[in-house]
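Welcome! Please take a moment with the sequence and the 3D view, and then read on for a short briefing.

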Amino acid sequence: MIVRISGEGQYELPDEDADRLNELDNRAVAAVEQGDEETFHELWEQMLELVQNDGTALNDDELVESDVILPPRDTSFAEAAGDFSGEGLIPD
Amino acid sequence: MPGLGGRMSTVIKSKISRILDRAEDPSETLDYGYQKQVELLQNVKKGIADVVTSKKRLQMQSSKLEQQVVKLDTQARQALSQGREDLARAALERKTVAQTELQSLDQQVTELEGQQEQLTENEKKLRTKIEAFRTKKEVIKAQYSAAEAQVKISEAAHGVGEEMADVGLAIQRAEDKTEQMKARAGAVEELEAAGTFEDITQLGPGQDDIDRELAQLGAGAQVDDELAKMKAELGSGGGEAPALGEGEKESRP
């Protein structure tokens, strides 16, 4: 799975991580819905870490579309309300 | 395609798709697509240049605020030495506001510097992708049939399109941020313009809205402290401030 962290770049993530990312995504949506800013930031941090640690950065000259695009790292809680709603970043 | 990704790059993708659909000859499409990418890269460069210009303007505002802090401090001392504690207090309140704004402005300029570096990195990445597209299109032209080429082109062009959209978004965020900062710094400058103490005898406390607003900003404790410190300094400095009275007799020979 190809994942982009907006403003940073694309990563190739092993397929088995997709479920984990999706789970974090769903929990982030729940946190946003409950107005739980602290939990949201924790989950968001975990999502970024998962992509960065488990993923392999794509070379600059690779021309592929991402399967998932994560919002910019410094996304505020207010901005997150728009992105993390419904099915989240990754549709179930 | 997940919602977010779709939303973010929809505009550029649809542009690219239109280009791809229009031409019947894939090699023509390829050349045109590449030409478009190079054009858009120019926009990206211009966008980054705009962010740099905004940052410089903010740095200028910051140094103006620094001067304002010094000026207000001097004015507070002058007012106090002439026995006008009310004016000194008003000047110190303004100084506190200016100082607070200065701090946040400096911090934001530093953040912006980081973003600028990141944007330059992103632009480099985009340039590499466009260059890769150029190479790829020649290979596609040479090796594939029209139908196969169409698929290959679409894939590659969307890869470039996504990168382009992402850099565009990053520039937009940086620009929004500088606009907010400019507005805030501008508000403080207006404050300065509305209440400059050119003639300190002209203004009394609470005579304009700004004074009242300033008093409400909770700068109270800090202003009290500074005022006390200033009084002590002026007191031990002697002589110049008749209204302060207290130290006078002792300091006379």
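**A first look**

A:F84 is buried, with a relative accessible area of 1%. Keep in mind that this is a predicted model. From this residue we can move to its aromatic partners, and then to the place where chain A and chain B touch.

**Aromatic rings**

- Over all chains, the count comes to three aromatic pairs.
- One of these joins A:F40 and A:F84 in an edge-to-face arrangement, with 5.2 Å from centre to centre and 75 degrees between the planes.
- A:F40 sits in helix 2 (residues 37-54) of chain A, while A:F84 belongs to the segment after helix 3 of chain A, so the pair ties together parts that are 44 residues apart in sequence.
- Like its partner, A:F40 is buried, and its relative accessible area is 0%.
- One aromatic cluster is formed by A:F40, A:W44, A:F77 and A:F84.

**Where chain A meets chain B**

- In this interface, 28 residues of chain A are in contact with 28 residues of chain B.
- About 2,100 Å² is buried between chain A and chain B, and carbon and sulfur atoms give 48% of that area.
- Five salt bridges are counted between the two chains.
- A:R4 forms a salt bridge with B:E163, where the closest N and O atoms are 2.8 Å apart.
- Between chain A and chain B there are also 14 residue pairs in polar contact.
- On the side of chain A that touches chain B, the elements giving two or more residues are strand 1 (2-5), strand 2 (9-12), strand 4 (68-70) and helix 3 (77-83).
- The residues of that side divide into 10 nonpolar, eight polar and 10 charged.

Conventions. Residues are numbered from 1 along each chain as its sequence is written. Chains are lettered from A and ligands numbered from 1 in the order in which they are written. This is a predicted model: local features need pLDDT of at least 70, side-chain atom pairs count only at pLDDT 80 or more; totals for chains, interfaces and linings use all residues. Side-chain values use heavy atoms; hydrogens and water are left out. Contact means heavy atoms within 4.5 Å. Buried area is the accessible area (1.4 Å probe) that two parts lose on being put together, summed over both. A salt bridge is a side-chain nitrogen of Lys or Arg within 4 Å of a carboxyl oxygen of Asp or Glu. A polar contact is a pair of N or O atoms within 3.5 Å; within protein, one must be able to donate a hydrogen and the other to accept it, and residues adjacent in sequence count only if both atoms are side-chain atoms. Helices (H or I, at least four residues) and strands (E, at least two) are DSSP runs, numbered from the N terminus. Ala, Val, Leu, Ile, Met, Phe, Trp, Tyr, Cys and Pro count as nonpolar, Asp, Glu, Lys and Arg as charged, and the others, Gly among them, as polar. Rings of Phe, Tyr and Trp (its six-membered ring) pair if their centres lie within 6.5 Å; planes under 30 degrees apart count as stacked, over 60 as edge-to-face and the rest as tilted. Buried means under 20% relative accessible area, exposed over 50%, partly exposed in between (1.4 Å probe, protein chains only).
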